[in-house]
Amino acid sequence: MANIAVTVDGVTYTDDVEPRLLLVHYLRDQVGKTGTPIGCDTSNCGACTVLMNGVSVKSCSVLAVQADGAEVTTIEGMAEGQWHPLQQAFHAEHALQCGYCTPGMIMAAADLLRSNPHPSDQEIREGLEGNLCRCTGYENIVRAVRRAAEAGATS
Ligand code: FES
Ligand code: FES
């Protein structure tokens, strides 16, 4: 077992974990952040995307021990008192149907807007290319990210 200390959504957790434990399983099963879903077993779907030290990562492709000392933000840490502008924009633009991809989409979009606060539609599509949605056809997702960018969402 390895001892790790990870700050998740502003709270620091210290735990013993198996070195092979994936970050997504640590977040869901040990920390209780079930807002981060698992959508595949091939690292393709992006549903499990979180921010690690501000950068989006697929938490199914990161080991929990790699997050030792890191700050992790999940979808559950995005709303502070009220919804994050990206959450508001996804709601306003009907950018979800089943919602399974939505946490990962929002976390990937947050990283995109951090590095590019005013992306073109093409840049939004490229920024989210690691995140799959089976329901929406992506149009409303692009619209939502554009709306959040216009509202000044940069993190
Ligand atoms: S669960 Fe599909 S990429 Fe992580
Ligand atoms: S809203 Fe269902 S997968 Fe995207």
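Tutor: Angles between helix axes under 35 degrees count as roughly parallel, over 145 as roughly antiparallel, 65 to 115 as roughly perpendicular and the rest as oblique. Please keep in mind that this is a predicted model.

Student: Why are helices H3 and H5 called oblique to each other?

Tutor: Helix H3 (residues 102–115) and helix H5 (residues 139–150) pack at an angle of about 45°. That value falls in none of the three named ranges, and H3 and H5 are therefore oblique to each other. Their axes are 11 Å apart, and the crossing of H3 and H5 is right-handed.

Student: Which residues make the contact between H3 and H5?

Tutor: H3 contributes Met 105, Ala 109, Leu 112 and Leu 113, while H5 contributes Ile 141, Val 145, Ala 148 and Ala 149.

Student: How many nonpolar, polar and charged residues does the contact of H3 with H5 have?

Tutor: It has eight nonpolar residues, with no polar and no charged ones. Ala, Val, Leu, Ile and Met are among the residues that count as nonpolar.

Student: How do you know that strands E1 and E2 pair?

Tutor: At least two bridges are required. Strand E1 (residues 2–8) and strand E2 (residues 11–17) have seven bridges, and therefore they pair, in the antiparallel sense. Ile 4 stands opposite Asp 15 in E2. E1 and E2 form a hairpin with two residues between them, and Asp 9 in the turn has a positive phi of about 50°.

Student: What makes E1 and strand E5 a pair?

Tutor: Two bridges join E1 to E5 (residues 71–73), and at least two are needed, so the requirement is met. These strands run parallel, and Thr 7 stands opposite Glu 71 in E5.

How values were computed:
Residues are numbered from 1 along each chain as its sequence is written. Chains are lettered from A and ligands numbered from 1 in the order in which they are written. This is a predicted model: local features need pLDDT of at least 70, side-chain atom pairs count only at pLDDT 80 or more; totals for chains, interfaces and linings use all residues. Side-chain values use heavy atoms; hydrogens and water are left out. Axes are lines fitted to C-alpha atoms, for helices over the stretch in contact, and angles run from 0 to 180 degrees between N-to-C directions. Helices (H or I, at least four residues) and strands (E, at least two) are DSSP runs, numbered from the N terminus. A crossing is left-handed if the near helix is turned anticlockwise from the far one by less than a right angle, and right-handed if clockwise. Contact means heavy atoms within 4.5 Å.
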